[in-house]
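Welcome! Please take a moment with the sequence and the 3D view before reading on.

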Amino acid sequence: MKVETKAVPPAPPAAPAVLPQDLSHTWVVAAEIQVEPRIASIADFRGSFKATAGQRVDALEVYCKGCRRPYDEVKGEDCAEKVDNRHLIGGDQSTRKKRKIPPPPTGTKIIPREKVQRRGISAYMAGVTRPR
């Protein structure tokens, strides 16, 4: 007697648990701090400096570090950079209008000719990118 065993198909892998993403803003302050000339030279050289305790800092602007939008405009909303950062590149590229070609200056005439290759090895070999 022959015993047939059927192979049980493996169970599909479990979907990874979707963790709730933190959509809150990361607030930063553009500040103006008055410093001595010695501290100014250190800040210019290093890109940072240590402020003294109790020093008054004037806040010029408060904005989100991620979406770069002012506090007043997006207070209480999710950070757009963490949701979708299309606003940083000027909107949806597929629906945005193309740039208009500026008109030529008055009194000029455009003479049509073949396109000049300015990039790549063929441009280098033609001498376009190197002085003659």
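What follows is a short tour of this model, from the whole chain down to single residues.

**The whole chain**

Please keep in mind that this is a predicted model. The protein chain has 4 helices and 2 strands. Starting at the N terminus, its elements follow the order β-α-β-α-α-α. Of the 132 residues in the protein chain, 8% are buried. The surface that the protein chain exposes comes to about 13000 Å², and carbon and sulfur atoms supply 55% of that area. Among contacts in the protein chain with a separation of 6 or more, 54% join residues 24 or more positions apart.

Helix α1 is a good place to begin looking. It spans residues 37-46, and Gly 47 comes just after it with a positive phi of about 85°. Is helix α1 tucked away or in the open? Of its 10 residues, the number buried is 1, so helix α1 lies largely in the open.

**An aromatic pair and a nonpolar patch**

How many aromatic pairs are there in this model? The count comes to 1 aromatic pair. Its partners are Trp 27 and Tyr 71, whose ring centres are 4.8 Å apart. Because the planes of these two rings stand at 70°, and an angle over 60 degrees counts as edge-to-face, the pair is edge-to-face. The pair ties together distant parts of the chain, as Trp 27 sits in strand β1 and Tyr 71 in helix α2, 44 residues apart.

Helix α2 covers residues 71-74, and Tyr 71 is found in it. Tyr 71 counts as partly exposed, at 33% relative accessibility. Trp 27 is partly exposed too, with a relative accessible area of 33%. Both residues also help to make a nonpolar surface patch: Trp 27, Val 29, Val 62 and Tyr 71 together form a patch of about 320 Å².

**His 25 and its surroundings**

Now move to His 25, in the segment before β1, a strand that runs over 27-32. Is His 25 buried or exposed? His 25 has a relative accessible area of 12%, and it counts as buried because that value is under 20%. Leaving out residues up to four places away in sequence, His 25 touches Cys 64, Cys 67, Val 74, Glu 77, Asp 78 and Cys 79. With one of these, Glu 77, there is a polar approach: a polar atom of the His 25 side chain lies 3.1 Å from the backbone oxygen of Glu 77.

**Gln 55 in its loop**

Gln 55 belongs to the loop between α1 and β2. Its relative accessible area is 24%, and Gln 55 is therefore partly exposed. Which residues does Gln 55 contact, leaving aside its neighbours within four places in sequence? They are Ile 33 and Gln 34. In the case of Gln 34, its backbone oxygen lies 3.0 Å from a polar atom of the Gln 55 side chain.

**Arg 68, an unusual backbone**

Most residues other than glycine have a negative phi. Arg 68 is not a glycine, yet it has a positive phi of about 55°. Arg 68 lies in the loop between β2, which covers 58-64, and α2. With a relative accessible area of 56%, Arg 68 is exposed.

**Three pairs across the sequence**

Several residues from this tour turn up again in the table, which lists how far two residues are apart in sequence and in space, from C-alpha to C-alpha.

| Pair | Apart in sequence | C-alpha to C-alpha |
|---|---|---|
| His 25 and Tyr 71 | 46 residues | 9.3 Å |
| Gln 55 and Ile 33 | 22 residues | 8.4 Å |
| Arg 68 and Ala 80 | 12 residues | 9.3 Å |

The row with Gln 55 and Ile 33 fits with the contact described above, since Ile 33 is among the residues that Gln 55 contacts. To see the aromatic pair in the 3D view, look for Trp 27 in strand β1 and Tyr 71 in helix α2.

Terms used
Residues numbered from 1 in each chain as written. Predicted model: local features only at pLDDT ≥ 70, side-chain atom pairs only at ≥ 80, totals over all residues. Heavy atoms only, no water. Patch = residues over 30% accessible without salt bridge, like charges linked within 9 Å, V, L, I, M, F, W, Y side chains within 5 Å. Areas by Shrake-Rupley, 256 points an atom, 1.4 Å probe, with all protein chains shown as cover. Salt bridge = Lys/Arg side-chain N within 4 Å of Asp/Glu carboxyl O. Buried < 20%, exposed > 50% of the residue type's maximum accessible area, 1.4 Å probe, protein only. Polar contact = N/O pair within 3.5 Å; in protein donor to acceptor, adjacent residues only side chain to side chain. Contact = heavy atoms within 4.5 Å. Phe/Tyr/Trp six-rings, centres within 6.5 Å; stacked < 30°, edge-to-face > 60°.
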